[in-house]
Amino acid sequence: MTTAAVTPTRAHTPVKPFYFNTSAHLLRITRQKATNLAEFLDCLRECPEGSIFQHTFRTLQEHHFIREGFSNDFAQWALTACNEPGLAENLASVDAREFTSVSDLRDRFIQIVTDFLARTPVAANRPARETFYFCASDIIVIPTKFVARTLREFAEGLRGVSVHSIQHHFIEARLRLKLMSNDFSQWLHEDLGLTDAARQLNRIDIYTVTLEDVKNQITRIVERALI
Amino acid sequence: MRTSMEPVETQSRAETSTQEFSGGTTSSAAPTAPRVERRRKPRSWETPPAPVPPPRLDDYRKIIGDAEIDELRFLARELKGKTVKMVNSTAVGGGVAEMLNQMVPLLNEVEVNTHWDVITGGNDFFEVTKAFHNALQGSEFKLTQHAQDIFLMNNEKNRQRIQFTEDFIVIHDPQPAPLIMGRSQSDQRWIWRCHIDLSNPNSEVWGFLRPMVEKYDAAIFSSQSFARQLPIPQYLFYPCIDPLSEKNKEVDESFIQQVCDEFGIDRSRPIVTQVSRFDRAKDPVGVIQAFKQARKYVDCQLVMAGGGATDDPEGAAVLKEVREAAGDDRDIIILDLPPWCALEINALQRASTIVVQKSVKEGFGLTVTEALWKGKPTIAGAVGGIPNQIIHKLTGTLVHSVDGCAYQMRYLLTHPEFAKQLGENGREHVKENFLMTTNVRRWLLLLRILHSSK
């Protein structure tokens, strides 16, 4: 249903090929840990940016098969270890894709917890059922064998790569690009002129489906653009 | 359908009473022994099966997919020709040796030349290391100068015996930790892989070991909670299962049926199973109590499959308690199996409607991983490494009491769609995080990260 605002010729001769990469992450245990919400707030302020990234963007990948009820580790801990469903809902509602910097994302979480503790000071020092251990990721980017020089090859690449590659290009890319977009949409828009398809990709809700579903949705949008 | 065994006489439910089987040649003093004798023992009970060769990386392709295998090979490319030495304290028995038996060939296959050495020592050394092991996991211990001398002297002998010329030296667990003291090449990278729970160590023993651990370039722990505050990077490597092992590989439906027939398990009714040693930490009596509560509301059978009662006095005592708790309940099937019955355990897990691991103290809980991998809705105690595997109501259910366990049994048995979804999520969670291939990836990543930090 895509209506590309470009000529077919341009759509099949991109300026540069799309190289499908993926990233591998190794989990590092940091020094921060929280046994209650007051400590949690301190840790949110002090932890390395890699920890914020790990417990939001990365955890999406680690639990990519879950359709509902899991959006980030902070919300999950607030619910199951602190028994604070209201706080958990606020934390879970943070869409990591709305942030192009981890620093801004950190500030959003700090704000939510600060506001909650201001409203509910008694919760600050109530012991959590489980300790929250802040972790971080060491990352290595890995090329895959898929390179797209045409839209058809792009669709083939999408079908062939793992969900880790989808996470790398579609979800984590905004931190690299510093744009409210992703590698796929950027390439479709800038190199193929498929602006409508690029926009459709950006509307996919990653929080209500699995990453495999996300991959299938992206593939379908690209396949429709082929017609 | 049975393939290799003679048909067994099937007992009707009305005829059965609490059913008990004892592995090996030891016969149990089961009050219902005459009924047990009506069934054949699977041949595998009597002799351990021949060891199987370790799998190759491509054998995992069907399980994790082409893209994942390609990623592993790419990660290894930059390490081609690099050398690794793994050192631990035993060549056979125990989870570390089992893991190294599988991991070392896979690393060699991707041309990361990996060698495995085992330290040696006298009885006095291993008595000290066992005491250290227990103390580091929280037991009381008085650290004497004599114990320190034995520990250091034996490690020094091993240091002189073993060559440490590789690019990466990986020391497993506290026993060989002092080998780092002989480190000479500055561009070598030394890694301490700690498989035990250091969350509440004996302060004297940890105080003695800590200066050695701090000399390493990195440490690896099996859980966030096991780590200590150290000045070196600490990484998280979850324990893992091998999906191609006897315990976890796919098995024929006919074999599953055969095993159930052998053990008198009625597959037309729901089956609740706990697989674990007869150990109070696994709360087997609590499982029976929960089962009895749940069965008031839903028809089901309970299979308690374990081992360790034959050669462990405490295990035998726990088994006795389990039998007493079961009484003459005809729906409770107690199996005391020898350690080589991996394939039978596999079949029992696959035959189960739900799996329980109601531990009250646990390491990582690999029986939970095994159950999740088989797509089984799993109920488990929220202890040790289990919450890393079970996200409550998403990949399984966590419980904290007998009552909670009973409720979850009832709920999952009466909500099969929800149970099915938990099972599917649980399998994906294991595929992503707790398979042997995930750990190959972690090792390759760590070696690359440390290599690039030279």
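This is a short tour of a predicted model with chains A and B, stop by stop, with something to select at each one.

**Stop 1: the two domains of chain A**

Start by colouring chain A by domain: domain 1 covers 8-23 + 140-226, and domain 2 covers 25-136. Their centres, taken over C-alpha atoms, sit 29 Å apart. Where do the two domains of chain A meet? On the meeting ground, 17 residues of domain 1 are in contact with 14 residues of domain 2. Select helix H8 (163-171) and helix H9 (173-177) of chain A, since these are the elements that give two or more residues to the domain 1 side of that contact. H8(A) provides the largest share, with 4 residues. By type, the domain 1 side splits into 9 nonpolar, 5 polar and 3 charged residues.

**Stop 2: a helix with a buried side**

Stay in chain A and pick helix H5, residues 85-92. Show the side chains of A:Leu87, A:Ala88, A:Asn90 and A:Leu91, which are buried. Why do these four end up on the same side of H5(A)? Because they cover an arc of only 160° around the axis. Now add helix H4 (73-80) and helix H6 (102-119) of chain A to your view: the buried residues of H5(A) pack against both of these.

**Stop 3: where the chains touch**

Show both chains together. Here 30 residues of chain B are in contact with 26 residues of chain A. On the chain B side, try selecting helix H3 (66-77), strand E7 (234-236), helix H15 (416-433) and helix H16 (436-452), as each supplies at least two of the touching residues. The chain B side is made of 14 nonpolar, 8 polar and 8 charged residues.

Zoom in on E7(B) next. Strand E1 (residues 18-34) of chain A is joined to it by 2 bridges, and the two strands run antiparallel. For one pair to click on, take A:Ile29, whose bridge partner in E7(B) is B:Gln234.

**Stop 4: chain B as a whole**

Hide chain A for now. How many helices and strands does chain B have? The count is 16 helices and 13 strands. Of its 454 residues, 48% count as buried. Chain B also brings together distant parts of its sequence: among contacts between residues at least 6 apart, 71% join residues at least 24 apart.

**Stop 5: a strand covered on both faces**

Select strand E10 of chain B, residues 332-336, where 5 of 5 residues are buried. A handy thing to know here: in a regular strand, side chains alternate between the two faces of the sheet. Look at B:Ile332, B:Ile334 and B:Asp336 on one side, then B:Ile333 and B:Leu335 on the other; both faces of E10(B) are covered. Next, bring in strand E9 (residues 301-306) of chain B, which runs parallel to E10(B) and is joined to it by 5 bridges. Within that pairing, B:Met304 stands opposite B:Ile334.

**Stop 6: a proline in a loop**

For the last stop, click on B:Pro377, in the loop between helix H12 (366-373) and strand E12 (378-381) of chain B. Is B:Pro377 buried or exposed? B:Pro377 counts as buried because it has 28 C-beta neighbours inside 10 Å. Leaving out residues up to four places away in sequence, B:Pro377 touches B:Ile354, B:Gly396, B:Leu412, B:Ala419, B:Leu422 and B:Gly423. Finish with a distance check: the C-alpha atoms of B:Pro377 and B:Thr395 are separated by 7.8 Å, with their positions 18 residues apart along the chain counted as the offset.

Terms used: Residues numbered from 1 in each chain as written. Chains lettered and ligands numbered in written order. Predicted model: local features only at pLDDT ≥ 70, side-chain atom pairs only at ≥ 80, totals over all residues. Buried ≥ 20, exposed ≤ 12 C-beta atoms within 10 Å, placed from the backbone. Arc of directions from axis to C-beta. Contact = placed C-beta atoms within 7 Å. Nonpolar A, V, L, I, M, F, W, Y, C, P; charged D, E, K, R; others polar. Pairing = 2+ DSSP bridges. Domains from an automatic or database assignment.
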